[in-house]
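Trainee: Could you take me closely through the surroundings of the ligand in this model? I should like one connected account that I can follow against the coordinates.

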Amino acid sequence: RRLQRLLLTGAAGGLGQVLRERLVPFAEQLRVSDIAPLGAARGAHEEIVHCDLAEKAAVHALLAGCDAVVHLGGISVERPFEQILEANIKGIYNVYEAARRQGVGRIVFASSNHVIGFYKQTEHIDATAMRRPDGYYGLSKSFGEDMAQFYWDRYGIQTVSIRIGSSFPAPANRRMMSTWLSYDDLTRLVERSLFTPDVGHTVVFGASANREVWWDNRAAAHLGWVPQDDSEVFRAQVETQPPVAADDPNAIYQGGAFTAQGPFGD
Ligand code: NAI
Ligand code: 15L
């Protein structure tokens with residue numbers, strides 16, 4: 001199972017730098033793209049394309065000749081709406097419309113837990129739960145998931161929307177003991193998302209096999225992804241931090257502090 005040409009957007013970012021290495025076995029050619037510097041090509045298997053996702057013509061050229069896209073590019077935190085509009089909302093439209101025009105059949109979309117951030121940590125949900133975005137960033141990911149559903153229903157372009165929890169080398173706080181997604185589990189999930197046949201538009205929550213997970217992935221069982229890692233190995237380290245107050249959003253909401261960002265004045 002090897003693609004001819006795979007595009008990775010957001011390749012200069014935290015997860016992009018990880019997947020730039022780890023996606024290599026999955027394609028003959030890996031096209032890596034970002035608006036930020038990417039350095040030199042890492043070998044004959046790599047193509048580097050600098051591109052602003054908000055620029056339609058550039059994105060259409062970016063997808064030419066690709067079999068699939070792992071779409072990580074965009075703003076990854078809460079920001080004023082105008083910034084999110086450019087990178088994430090126009091960006092995802094440009095990616096899907098380019099996929100349609102260029103005949104790209106599959107997209108792996110880096111969605112986020114912030115599409116459901118206003119659920120309480122005491123609630124357990126699955127992919128059918130109504131979305132409750134916790135800011136403009138979460139709204140843009142919610143729009144991205146709708147875009148994915150529309151391009152599947154209307155044009156047959158397949159997507160796996162991965163609602164990533166917190167994918168970092170280690171959980172940075174108590175909330176992330178639940179939301180943490182190891183890089184190894186992320187890589188295996190992206191692999192399953194690229195190669196599982198007939199995914200249509202599948203929504204999957206990206207969290208490792210942590211002791212307390214708020215998300216039920218039975219609706220994505222066809223991906224055959226079973227997380228292997230567990231944040232428990234970091235508990236002692238995380239619990240050296242002072243306890244979180246009971247009224248702190250980090251202790252109440254699945255989206256943690258994102259639920260209390262803004263408002264952004266002009
Ligand atoms: P990051 O912020 O480190 O990387 C995002 C990359 O997108 C950056 O390199 C940035 O330069 C690029 N970018 C921003 N605007 C752009 C534009 N207009 N045109 C082209 N490129 C642009 O974020 P990270 O952590 O690597 O996340 C990757 C993806 O996964 C993002 O879409 C993020 O929203 C999503 N995600 C990540 C989570 C995590 O725990 N790391 C959790 C949930 C979702
Ligand atoms: C996200 O969506 C962000 O991109 C990431 O930086 C983390 O903040 C993560 O969610 C999280 O919720 O921990």
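**The site of ligand 1**

Mentor: A backbone N or O atom of glycine 13 lies 3.1 Å from an oxygen atom of ligand 1. The model is a predicted one, and every value that follows is computed from it. Two further backbone contacts belong with that of glycine 13. At leucine 15, a backbone N or O atom is placed 2.7 Å from an oxygen atom of ligand 1. At leucine 53, a polar backbone atom is 2.9 Å from a nitrogen atom of the ligand. On its own, ligand 1 has 820 Å² of accessible area, and the protein covers 85% of it.

The shell can be described next. Ligand 1 is surrounded by 26 residues, and the closest are Leu15, Asp34, Ser76, Tyr137 and Ser167. Leu15 thus appears both in this list and among the backbone contacts. Sorted by class, the shell contains twelve nonpolar, eleven polar and three charged residues. Helix H1, strand E5 and helix H4 each give two or more residues to this shell. Strand E5 contributes the most, with three residues.

The shell may then be set against the space that holds the ligand. Ligand 1 takes up the largest pocket, whose volume is about 840 Å³. This pocket is lined by 40 residues, and those closest to its centre are Leu72, Ile75, Ser76, Val77 and Tyr137. Ser76 and Tyr137 are therefore worth locating on the display: both are named among the residues closest to the pocket centre, and both are named among those closest to the ligand. Two or more lining residues come from each of helix H1 (14–22), strand E2 (27–34), strand E5 (106–112) and helix H4 (136–155). By class, the lining of this pocket has 16 nonpolar, 20 polar and four charged residues.

A second pocket completes the account. The second largest pocket has a volume of about 290 Å³. Among its 15 lining residues, Gln121, Arg174, Arg175, Met177 and Glu212 are the closest to its centre. Helix H5 (176–179), helix H7 (235–238) and helix H8 (249–252) each supply at least two residues of that lining. Its composition by class is five nonpolar, four polar and six charged residues.

Technical notes: Residues are numbered from 1 along each chain as its sequence is written. Chains are lettered from A and ligands numbered from 1 in the order in which they are written. This is a predicted model: local features need pLDDT of at least 70, side-chain atom pairs count only at pLDDT 80 or more; totals for chains, interfaces and linings use all residues. Side-chain values use heavy atoms; hydrogens and water are left out. On a 1 Å grid over the protein atoms alone, a cavity is a set of points where a 1.4 Å probe fits but cannot get out, and a pocket is an open set with protein on both sides within 12 Å along at least five of seven lines; lining residues have an atom within 4 Å of a point. Grid points are joined across faces, edges and corners, and a volume is the space filled by probe spheres set on the points. Helices (H or I, at least four residues) and strands (E, at least two) are DSSP runs, numbered from the N terminus. Ala, Val, Leu, Ile, Met, Phe, Trp, Tyr, Cys and Pro count as nonpolar, Asp, Glu, Lys and Arg as charged, and the others, Gly among them, as polar. A residue is near a molecule or strand if one of its heavy atoms lies within 4 Å of it. A polar contact is a pair of N or O atoms within 3.5 Å; within protein, one must be able to donate a hydrogen and the other to accept it, and residues adjacent in sequence count only if both atoms are side-chain atoms. Accessible areas come from the Shrake-Rupley method with a 1.4 Å probe; for residues, only the protein chains shown count as cover. A molecule sits in a cavity or pocket if more than half of its atoms lie within 2 Å of its grid points.
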